[in-house]
Amino acid sequence: MTIFDFFARPALARPEVDAAAALRVADGHYGVTGDVAELGSNQDRNFHVAASDRRVLLKFSNAAFGRAELEAQNLAAAAVAAAGIRAPQCLPALDGQTVLAVDSPGGPLRVRMLEYVEGEPLSGAGAFVTADARRLGALSARVALALAPLRHPGLAQRTQWNLRDAALTVRLLAGAIPDAERRRRVTTVAEAAARALDPLRADLRTQAIHGDLTDDNIVVGASDGEWGVIDFGDVAESWLVAELAVTCAAVLHHNPRDPLVILEAIAAFHDVLPLADAELDALWPLIQLRAATLVASGEHQVALEADNRYAAQNRLQEWRSFAVAADLDVNAMTALIHWRVGGRTDPLELGAPVALLADASSAVVLDLSTTSRDLDGGVWLEPDAERRLAAAHQLSVTAWGEPRLTRAVVRSRRHTSTVPLGIQLSSADALAVTAPADGTLRRVGDSTVLETAGYDLWIDGLHNGSSGAVAAGTPLGTLAPHPARLSVQISRARGGRLPFFVPPALAEVGKLVSPDPAPLLGLTSRLGEPEPAEVLATRDAHFATVQEHYFAEPPLIERGWREHFVDTQAQTYVDMVNNVATAGHAHPRIVAAASRQWALHNTNSRFHYSAVAEFSRRLSELAPASLDAVFLVNSGSEAVDLALRLATVTTGHDTIVAMREAYHGWTVGSDAVSSSIGDNPRALETRPSWVRLVNAPNTYRGTHRGPDAGPRYLADLDADFARWDAEGLSIAGFIAEPVYGNAGGVMLPDGYLAGAYGMVRERGGLCIADEVQVGYGRLGSYFWGHEQQDAVPDVITIAKAMGNGQPLGAVLTTRAIAEAFAVEGSMFSSAGGSPVSCVIGSTVLDIMRDEALVDNARDVGGHLKSRLEDLGRRHPLIGAVHGLGLYLGVELVRSPETLEPATAEAYAVCEALLEEGCIVQPTGDHHNVLKIKPPLVITRESVDYFVDALDRVLGGIPLG
């Protein structure tokens with residue numbers, strides 16, 4: 001009887017057993033037959049057998065585990081069931097044995113048949129609310145109590161899941177993590193957690209624990225909602241608190257944006273089975289070690305068994321748990337844990353102090369929020385911004401609990417510590433500081449702590465501080481003049497405090513632990529800003545919800561700068577999708593130009609002013625020489641609408657030819673020629689009679705594939721025209737994007753557009769190039785998309801990039817075509833040709849020229865595409881990388897042979913990238929292409945950050 005030692009044999013490939021072999025064992029040894037289906041497992045083989053009268057689980061254990069361990073597992077399940085918790089009981093074989101030895105191609109295997117515990121795994125649930133977390137914590141404690149009396153030699157096993165050996169496990173398996181930065185991060189976190197545990201080990205209670213009490217191993221009964229516990233494969237003697245740590249780590253991946261719900265699980269466990277102070281101190285390091293073990297083991301198992309779907313599918317949630325556990329400060333979390341189990345959930349009512357700490361009633365409250373005007377123009381990125389703003393006032397204070405834009409970090413995950421749990425004062429003159437209440441004064445490092453009856457008051461930056469008992473009103477010292485600052489923070493966690501700045505995820509509970517010290521300074525507490533969920537509820541109540549929003553839980557974004565967005569929690573995102581902001585968000589030259597023109601006047605183009613003449617001239621000079629007439633409109637949809645009217649009026653014909661899978665706008669006319677079912681599921685069945693569709697020349701997933709597909713697509717188009725000629729149709733025009741934008745930047749086959757234009761012109765039709773998305777310098781190597789195709793259109797439509805967000809579009813055409821429109825009367829656009837729109841349009845062109853943005857699109861875009869193609873060689877989910885310059889698409893497929901669209905995976909990638917601080921969205925008819933079209937000012941550093949984040953995310957996204 002050998003006890004399994006993982007550290008001697010770390011490679012645990014699953015047994016080589018298939019469903020047919022499982023059925024033979026079930027029938028021959030247990031007399032059970034029925035339908036057999038394999039269930040997921042990291043290192044065993046589990047089969048569900050549905051017999052006519054019952055359902056059972058046949059478990060082939062990994063060969064590394066001996067009989068003693070399996071007997072201990074059976075005893076543990078029986079003990080839990082005896083405590084009134086549903087658990088799988090072991091069923092005897094026909095010969096009465098509970099653990100059988102059977103032969104397999106890989107050698108002898110031990111087999112058990114267990115009762116099948118009915119219910120759906122809790123892992124299918126969404127985010128855990130307080131009640132869920134408390135129920136989970138209480139269940140973990142009940143299981144621990146049930147297992148406490150258990151004694152058996154099989155409990156002595158050493159496995160990778162026993163947290164007593166977690167640091168060694170991580171060191172042993174971390175080499176399987178392919179990304180070097182991730183590998184470094186995991187080992188660093190695990191080593192720090194192990195160091196934190198070292199002085200606590202002797203004080204941690206040991207007993208038998210389940211060891212894997214997670215959402216995967218808790219099932220919810222369909223009829224009664226009762227929870228059951230399954231999979232006792234990790235039962236071992238370990239630290240009692242490790243049972244809770246494992247459960248908490250599982251909660252984290254359900255609640256990455258609200259991780260503090262684990263405090264409720266901890267409190268509920270403590271209510272049932274109280275933990276000692278040392279165990280509470282050990283809890284967060286153990287959670288970090290569990291999370292690190294999960295990712296190291298998961299990557300190791302996938303490297304060992306590429307077909308282990310269960311291990312592969314769990315990687316994303318395991319990395320999510322690790323990211324949250326690693327990002328949250330161990331000291332802060334330990335303080336919160338102690339505070340919560342002490343039963344403190346009530347807010348602290350400070351009331352009026354006996355004396356003021358300092359009189360700041362006349363102070364200016366600095367606005368350091370995301371929307372602060374004082375931080376416009378990128379000032380928020382300057383390291384000394386806070387001190388410079390404070391120095392502009394005689395006396396100033398900062399706001400408690402208000403996320404600070406000055407603490408935002410570009411190119412970072414969504415856990416930047418931006419929320420202050422205290423107030424800072426700055427003064428032009430020395431400021432007296434006095435005790436606001438009776439207490440005891442002591443020094444902790446550079447800090448002064450006043451311990452009062454109701455709280456501890458932490459003061460940083462105090463000169464001439466003393467120590468000992470003090471009465472209210474006693475002078476404590478002084479605040480020196482600028483640039484010195486006095487930091488004031490209340491702590492209800494006796495003997496310690498939370499960091500002065502915490503990430504938004506800690507803010508809600510952090511504010512309870514460190515309430516607003518404003519009354520101690522003669523100030524009134526400030527009301528908080530609306531939460532993102534409140535604003536979203538208002539939007540949904542009044543803004544037609546058919547106007548969709550990105551992401552399931554969208555951040556509330558109120559600022560942009562260059563290629564970055566910033567939400568109201570001062571968390572930043574690299575904007576990889578906003579092709580409207582050509583010159584970047586909040587460009588100072590555009591802000592100044594628009595402000596100046598608004599200060600003069602704004603009207604419509606029927607009035608005479610220089611801006612419309614100048615902007616029209618510059619647009620004409622950018623177009624092919626033959627296109628010398630400009631129409632200015634409000635949007636891309638309006639531009640396409642006008643182009644279609646120009647075609648029908650000029651030719652006298654009525655049929656428009658458009659491509660399948662394309663999007664051109666939402667107005668009646670532009671929607672008529674839009675055929676993308678990704679934007680309109682009814683697009684193909686609702687096209688009007690005057691529209692004819694042709695196959696999309698998609699060389700990746702279209703009718704014809706490969707680089708030489710162009711002539712075959714042109715042959716198909718020629719056949720289409722021949723058929724329409726026979727029907728007597730008269731062609732007014734042909735509209736196409738020169739690069740397939742909505743499909744994700746798919747390049748047309750070389751020569752396709754020139755060939756198509758020739759066919760159209762033979763029939764008297766006009767050729768319309770929809771450059772709204774792909775043109776205007778975005779391709780880098782070409783200013784216009786039609787240049788890449790070596791084709792000259794009769795009409796160009798543009799918008800988006802022209803105005804950097806201002807409603808502005810244009811139609812460029814020949815003088816003859818423009819004048820033919822006169823039969824329809826005059827034309828003007830209120831916003832499109834307005835002075836403000838024209839000035840903004842000209843300023844965008846100035847910026848593109850002065851900052852060489854077209855060259856940037858070529859150079860940074862080329863670097864980005866090269867790195868994405870490299871990802872494609874390492875991640876099978878990437879089927880192709882489309883596009884040119886800074887209009888790219890990463891197409892995700894489940895199979896390189898069938899090209900089955902990976903739609904669900906694309907949305908999962910985008911949600912995961914949001915956590916990484918990147919904004920991307922799916923596009924295409926199947927919503928399986930990541931559309932990548934950032935502001936043209938984007939830097940190499942930002943695209944590298946995005947690709948690295950995508951690499952991390954793809955490593956955890958399972959197929960199917």
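Me: Which loop holds P483?
Reply: P483 sits in the loop that runs between β21 (475–479) and β22 (486–491). The model is a predicted one.

Me: Is the peptide bond from H482 to P483 cis or trans, and what makes it so?
Reply: Omega of this bond is near 5°. The H482 to P483 bond is cis.

Me: What sets the phi of A570 apart?
Reply: The angle is near 65°. That is a positive phi, and A570 is a residue other than glycine. A570 belongs to the loop between β25 (564–567) and β26 (572–575).

Me: Why is A570 classed as buried or exposed?
Reply: Buried means under 20% relative accessible area. A570 has 0% relative accessibility, so A570 counts as buried.

Me: How do you know whether N804 is buried or exposed?
Reply: The relative accessible area of N804 is 14%. The limit for buried is under 20%. N804 is therefore buried. N804 is found in the loop between β34 (795–798) and β35 (809–813). Its phi is positive, at about 55°, although N804 is not a glycine.

Me: Why is A79 called buried, partly exposed or exposed?
Reply: The relative accessibility of A79 is 22%. Buried needs a value under 20%, exposed a value over 50%. A79 meets neither limit, so A79 counts as partly exposed.

Me: Where is A79, and what does A79 touch?
Reply: A79 is part of helix α2 (residues 67–82). Leaving out residues up to four places away in sequence, A79 touches A146 and L147. E299 is 220 residues from A79 in sequence. In space, their C-alpha atoms are 33 Å apart.

Me: What makes α3 and α6 roughly parallel or roughly antiparallel?
Reply: The axes of helix α3 (residues 130–147) and helix α6 (residues 240–254) cross at roughly 150°. Angles over 145 degrees count as roughly antiparallel. That is why α3 and α6 are called roughly antiparallel to each other. Their axes come within 10 Å. The contact is made by L136, S140, V143, A144 and L147 of α3 and by L240, E243, L244, T247 and V251 of α6. The crossing of α3 past α6 is right-handed.

Me: Why are α4 and α8 described as roughly parallel or roughly antiparallel?
Reply: Helix α4 (residues 166–173) packs on helix α8 (residues 277–304) at an angle of about 30°. Roughly parallel requires an angle under 35 degrees. α4 and α8 are therefore roughly parallel to each other. Their axes are 9 Å apart. α4 supplies A166, A167, T169, V170 and L173 to the contact. α8 supplies L289, A292, T293, A296, S297 and H300. α4 passes α8 in a left-handed crossing.

Me: Which residues of α4 are buried?
Reply: A166, A167, T169, V170 and L173 are the buried residues of α4. They cover an arc of only 160° around the axis, so they are on the same side of α4. α5 (180–197) and α8 are among what covers them.

Me: What makes α10 parallel or oblique to α12?
Reply: Helix α10 (residues 330–341) and helix α12 (residues 504–513) pack at about 60°. The roughly parallel class ends under 35 degrees, and roughly perpendicular covers 65 to 115. An angle of about 60° fits neither class, so α10 is oblique to α12. Their axes are 11 Å apart. A332, M333, L336 and W339 of α10 meet L506, V509, L512 and V513 of α12. This crossing of α10 and α12 is left-handed.

Me: How do you know what helix α14 should span?
Reply: Helix α14 (residues 588–600) has 13 residues. At 1.5 Å a residue, the expected span is 18 Å. The end C-alpha atoms of α14 are 18 Å apart, so the two values agree.

Me: Which residues of α14 are buried?
Reply: I590, A593, A594 and Q597 are the buried residues of α14. Their arc around the axis is only 95°, which means that they are on the same side of α14. They pack against α22 (835–850). The face of α14 turned away from this buried side carries the exposed residues R596 and A599.

Technical notes: Residues are numbered from 1 along each chain as its sequence is written. This is a predicted model: local features need pLDDT of at least 70, side-chain atom pairs count only at pLDDT 80 or more; totals for chains, interfaces and linings use all residues. Side-chain values use heavy atoms; hydrogens and water are left out. Helices (H or I, at least four residues) and strands (E, at least two) are DSSP runs, numbered from the N terminus. The expected span of a helix is 1.5 Å times one less than its number of residues. Buried means under 20% relative accessible area, exposed over 50%, partly exposed in between (1.4 Å probe, protein chains only). The arc is that of the directions from the helix axis to the C-beta atoms. Contact means heavy atoms within 4.5 Å. Axes are lines fitted to C-alpha atoms, for helices over the stretch in contact, and angles run from 0 to 180 degrees between N-to-C directions. A crossing is left-handed if the near helix is turned anticlockwise from the far one by less than a right angle, and right-handed if clockwise.
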